[in-house]
Amino acid sequence: MSVYDELTSVQRCLDDLYRSLGRLEQQTGGGGLDTRRVRVDAGHLRDSVALLRDSASDAAARRPDLVTISDTPYDAALWTDSDDEGLGARDRHAP
């Protein structure tokens, strides 16, 4: 699953939790401070996951396209006049 799919699944679970808390609040009378606190916390989690989903979709849209690099070796003629890093040129001696 992709990150976006995982966040969508979490969002659905939090929506179910929020609905279940609403039913529980109705059954218990809904006057308790603890029930309201849990319901508010669940609402904060829903909002936070919604923000994560938005940022994940934005990040996926900004991701650059991948460039495929071939496994075939480069032509040796490309390196004829190059220096070996740290060693200097092939035909010269280090000072």
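Gln11 counts as buried, at 11% relative accessibility. The residue sits in helix 1. Beyond residues up to four places away in sequence, Gln11 touches Arg46, Val49, Ala50 and Arg53. The model is predicted, and every value below is computed from that model.

**Overall layout**

The protein chain has 2 helices and 0 strands. It counts 95 residues, and buried residues make up 15% of them. The chain exposes about 8300 Å². Carbon and sulfur atoms supply 55% of that area. Sequence-distant pairing is a clear part of the contact list. Among contacts with a separation of 6 or more, 58% join residues 24 or more positions apart.

**Helix 1**

Helix 1 covers residues 3–28, 26 residues in total. From first C-alpha to last, helix 1 reaches 37 Å. That is close to the 38 Å expected at 1.5 Å a residue. Which residues of helix 1 are buried? They are Leu7, Thr8, Gln11, Leu14, Asp15, Leu21, Gly22 and Glu25. The list includes Asp15 and Glu25, and both return below as salt-bridge partners. Just after helix 1, Gly29 takes a positive phi of about 100 degrees.

**Where the helices meet**

Helix 2 spans residues 33–62. Ala56 is found in helix 2. Leaving aside neighbours within four places in sequence, Ala56 is in contact with Val3 and Leu7. Leu7 is one of the buried residues of helix 1. Ala56 also lies 6.4 Å from Tyr4, C-alpha to C-alpha. The two are 52 residues apart in sequence.

Another pair can be followed by backbone distance. Arg19 is found in helix 1. The C-alpha atoms of Arg19 and Arg39 are separated by 9.4 Å. Along the chain, Arg19 and Arg39 are 20 residues apart. Each of these arginines also has an acidic partner, Asp16 for Arg19 and Glu25 for Arg39.

**Salt bridges**

Side chains of opposite charge can pair when their charged atoms come close. How many salt bridges does a search of the whole structure find? The search finds 3. They are set out here.

| Salt bridge | N to O distance | Separation in sequence |
|---|---|---|
| Asp15 and Arg46 | 2.9 Å | 31 residues |
| Arg19 and Asp16 | 2.3 Å | 3 residues |
| Glu25 and Arg39 | 3.5 Å | 14 residues |

Take the Asp15 and Arg46 salt bridge, at 2.9 Å. The pair links distant parts of the chain, with Asp15 in helix 1 and Arg46 in helix 2. Asp15 is listed among the buried residues of helix 1. Arg46 is partly exposed, with a relative accessible area of 26%. Arg46 is also one of the residues that Gln11 touches. Gln11 and Asp15 of helix 1 therefore share Arg46 as a partner, one by contact and one by salt bridge.

The Glu25 and Arg39 salt bridge spans 3.5 Å, N to O. Glu25 lies in helix 1 and Arg39 in helix 2, so the pair ties together parts that are 14 residues apart in sequence. Is Glu25 buried or exposed? Glu25 is buried, with a relative accessible area of 16%. Arg39 counts as partly exposed, at 23% relative accessibility. The cut-off for buried is under 20% relative accessible area, so Glu25 falls below it and Arg39 does not.

The Arg19 and Asp16 salt bridge lies within helix 1, at 2.3 Å. Why are Arg19 and Asp16 separated by about one helical turn? They are 3 residues apart in helix 1. An α-helix has 3.6 residues a turn, so residues three or four places apart point the same way. Both partners are partly exposed: Arg19 has a relative accessible area of 46%, and Asp16 has 40%.

**A nonpolar surface patch**

Which residues form a nonpolar patch on the surface? They are Val67, Ile69, Tyr74, Leu78 and Trp79. Together they have about 640 Å² of accessible area. Ile69 lies in the segment after helix 2. Ile69 is exposed, with a relative accessible area of 64%.

Conventions
Residues numbered from 1 in each chain as written. Predicted model: local features only at pLDDT ≥ 70, side-chain atom pairs only at ≥ 80, totals over all residues. Heavy atoms only, no water. Helix = DSSP H or I, 4+ residues; strand = E, 2+ residues; numbered from the N terminus. Expected span 1.5 Å × (residues − 1). Buried < 20%, exposed > 50% of the residue type's maximum accessible area, 1.4 Å probe, protein only. Patch = residues over 30% accessible without salt bridge, like charges linked within 9 Å, V, L, I, M, F, W, Y side chains within 5 Å. Areas by Shrake-Rupley, 256 points an atom, 1.4 Å probe, with all protein chains shown as cover. Salt bridge = Lys/Arg side-chain N within 4 Å of Asp/Glu carboxyl O. Contact = heavy atoms within 4.5 Å.
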